[in-house]
Amino acid sequence: MKYFIVTYGCQMNVHESEKIAGILEKLGYTPADKREEADIIVFNTCAIREGAEERVFGNVGNLKKLKKIKKDLIIVLCGCMTQKETTAQKMLRTFPFVDIVIGTFNLPKLGDYIAAVKKGRQLEIWQEGEIDEILPYKRTSGDNAWVNIMQGCNNFCTYCIVPYVRGREKSREEQNILNEIKDILAEKKYKKITLLGQNVNSYGKDLKNPISFAKLLKDICALDGDFTLSFMTSHPKDLTDEVIDVIASEDKIEKYIHLPAQSGNNRILALMNRKYTREKYLSIIEKIRAKIPNCRITSDFIVGFPSETEEEFNDTLSLVKQVQFDSIFAFMYSPREGTVASKMENQIPQSVKNERVNKLLNEEKRIQKETGKR
Ligand code: SAH
Ligand code: SF4
Ligand code: F3S
């Protein structure tokens with residue numbers, strides 16, 4: 001019996017697919033080279049932008065033919081799209097040939113759902129759960145091992161669907177993280193550990209005995225072994241001096257910070273509920289550059305947020321000019337059902353978003369040529 005997993009979205013999802021692979025291998029499945037060879041196909045979905053969802057709808061639709069030829073094929077949809085009830089229902093309606101639709105919190109019970117399907121059942125969805133600590137991972141990222149340190153997000157940036165589909169922030173106990181990393185290092189296959197969380201800098205605040213992200217970093221660096229430590233993503237509002245100092249002083253930590261700014265304009269940042277200003281952001285960059293020379297810094301930006309004027313967009317351009325990032329990701333704002341921004345007035349036309357994203361990317365290219373950063 002063979003499995004094939006199709007993954008969309010962020011590193012967290014990539015890592016979650018490693019968990020799904022681990023569960024399936026424990027059930028006796030082995031990896032298939034292509035989907036035609038698989039007895040079970042899992043789509044691990046992403047809901048961050050409309051484009052991501054459309055891709056999933058298109059690609060799942062294509063499986064209909066395969067299912068016709070191979071009646072016993074089991075098709076599973078999971079991930080962030082299935083956590084949204086309206087989307088999950090739409091997927092069930094659109095794809096009558098899909099066997100299992102489960103939310104991210106139901107993953108540990110995947111084996112039960114597969115058994116149930118064999119008796120002819122179909123779906124089961126969501127319910128926020130505890131972090132599962134005993135799941136096996138089938139690591140697939142070469143000499144890098146992803147380690148989840150927390151799930152969910154409390155920030156409710158007004159454009160973002162993540163807090164709705166991933167639930168509230170929950171940190172793993174430090175000892176569990178350290179034990180997982182010790183096991184990884186003992187395998188001697190991995191040179192790099194990358195910690196994952198939507199906002200790693202708020203790690204540990206929700207624990208019974210709260211600890212800081214800086215302390216976690218230090219404790220991981222104190223573990224024996226030759227490895228590089230990295231992490232993502234940092235929210236500018238929570239990146240403390242203490243964390244910057246630890247990155248500077250610990251040889252094992254990669255000198256790299258992904259620090260999404262989203263916009264260079266204060267009115268838009270406030271509307272986005274990002275809880276920092278352009279000036280605050282720039283002061284953090286200055287601090288990083290002073291304490292960690294040669295630190296690579298990258299960022300994410302959203303253009304065409306509701307009501308963003310041309311002048312306000314120009315502030316984003318000027319921020320990019322000023323900071324000279326090592327690289328940036330630029331996204332066109334995509335309204336997500338249920339979020340605050342999707343109900344805001346003055347949504348920006350697609351043509352303007354296209355124009356702005358191209359301007360931003362061109363500016364970025366120009367700067368990189370000039371500075372020789374790429
Ligand atoms: N937790 C991370 C980012 C997660 S999503 C953080 O806080 O930075 C990755 C990126 O997708 C975000 O940084 C943002 O730039 C982009 N993004 C999120 N929601 C979006 C939306 N509705 N439209 C367009 N881009 C979006
Ligand atoms: Fe989304 Fe904001 Fe949370 Fe990042 S911090 S996942 S952008 S709500
Ligand atoms: Fe990641 Fe997409 Fe979910 S970016 S958290 S997989 S909505």
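Two strands are taken to pair if DSSP finds at least two bridges between them, and the strands themselves (E, at least two residues), like the helices (H or I, at least four residues), are DSSP runs numbered from the N terminus. The model toured here is a predicted one, in which local features need pLDDT of at least 70 and side-chain atom pairs count only at pLDDT 80 or more, while totals for chains, interfaces and linings use all residues. Residues are numbered from 1 along each chain as its sequence is written, chains are lettered from A and ligands numbered from 1 in the order in which they are written, and side-chain values use heavy atoms, with hydrogens and water left out.

**First stop: the open sheet**

Select the five strands of the open sheet, whose order is β2-β1-β3-β4-β5 and whose pairing is parallel. The edges are held by β2 (30–31) and β5 (100–101), each of which has a single partner strand, so one side of each is left without a neighbour in the sheet. Strands of a sheet pair through backbone hydrogen bonds, either parallel or antiparallel. At the β2 edge, strand β1 (residues 2–7) runs parallel to β2 and is joined to it by two bridges; to see one of these contacts, pick Y3, whose bridge partner in β2 is P31.

Next, move to I75 in strand β4 (residues 74–79). I75 counts as buried, at 0% relative accessibility, where buried means under 20% relative accessible area, exposed means over 50%, and partly exposed lies in between (1.4 Å probe, protein chains only). A distance drawn from the C-alpha atom of I75 to that of D99, which is 24 residues away along the chain, comes to 5.3 Å.

**Second stop: β6 and β9**

Select strand β6 (residues 144–148), where five of the five residues are buried, so the strand is largely enclosed by the rest of the structure. With side chains displayed, N144, W146 and N148 point one way from β6, whereas A145 and V147 point the other way. Adding strand β9 (residues 192–196) shows a parallel pairing with β6 over five bridges, in which V147 has L195 of β9 as its bridge partner.

**Third stop: β11, β12 and β13**

Strand β12 (residues 296–303) has seven buried residues out of eight, so this strand too is largely enclosed by the rest of the structure. Strand β11 (residues 256–258) pairs with β12 in the parallel sense over three bridges, and within this pairing I257 finds its bridge partner in I297 of β12. Strand β13 (residues 327–332) also runs parallel to β12, joined to it by six bridges; T298 stands opposite S327 in β13, and I302 stands opposite F331. Following the chain from β12 leads through helix α12 (residues 310–323) to β13, a β-α-β crossover that is right-handed, meaning that, with the strands pointing away from the viewer, the path from the first strand over the helix to the second runs clockwise.

**Fourth stop: the ligands**

Select ligand 3 and the residues near it, that is, those with a heavy atom within 4 Å: C10, N13, C46, A47, I48, C80, R166 and Q198 surround this ligand. By class, the shell around ligand 3 holds five nonpolar, two polar and one charged residues, where Ala, Val, Leu, Ile, Met, Phe, Trp, Tyr, Cys and Pro count as nonpolar, Asp, Glu, Lys and Arg as charged, and the others, Gly among them, as polar.

Then select ligand 2, which is surrounded by C153, N155, F156, C157, Y159, C160, V162, P163, Q198, H235 and R274. The shell around ligand 2 divides into seven nonpolar, three polar and one charged residues.

**Last stop: backbone details in loops**

F156, one of the residues around ligand 2, lies in the loop between β7 (150–151) and α6 (162–166). Phi of F156 is near 45°, a positive value in a residue other than glycine, and this residue is partly exposed, with a relative accessible area of 29%. Another positive phi, near 65°, is found at N346, which is placed in the loop between β13 and α13 (350–371) and is exposed, with a relative accessible area of 51%. Finally, centre on M232 and T233, which are joined by a cis peptide bond with omega of about 5°; T233 belongs to the loop between β10 (228–232) and α9.
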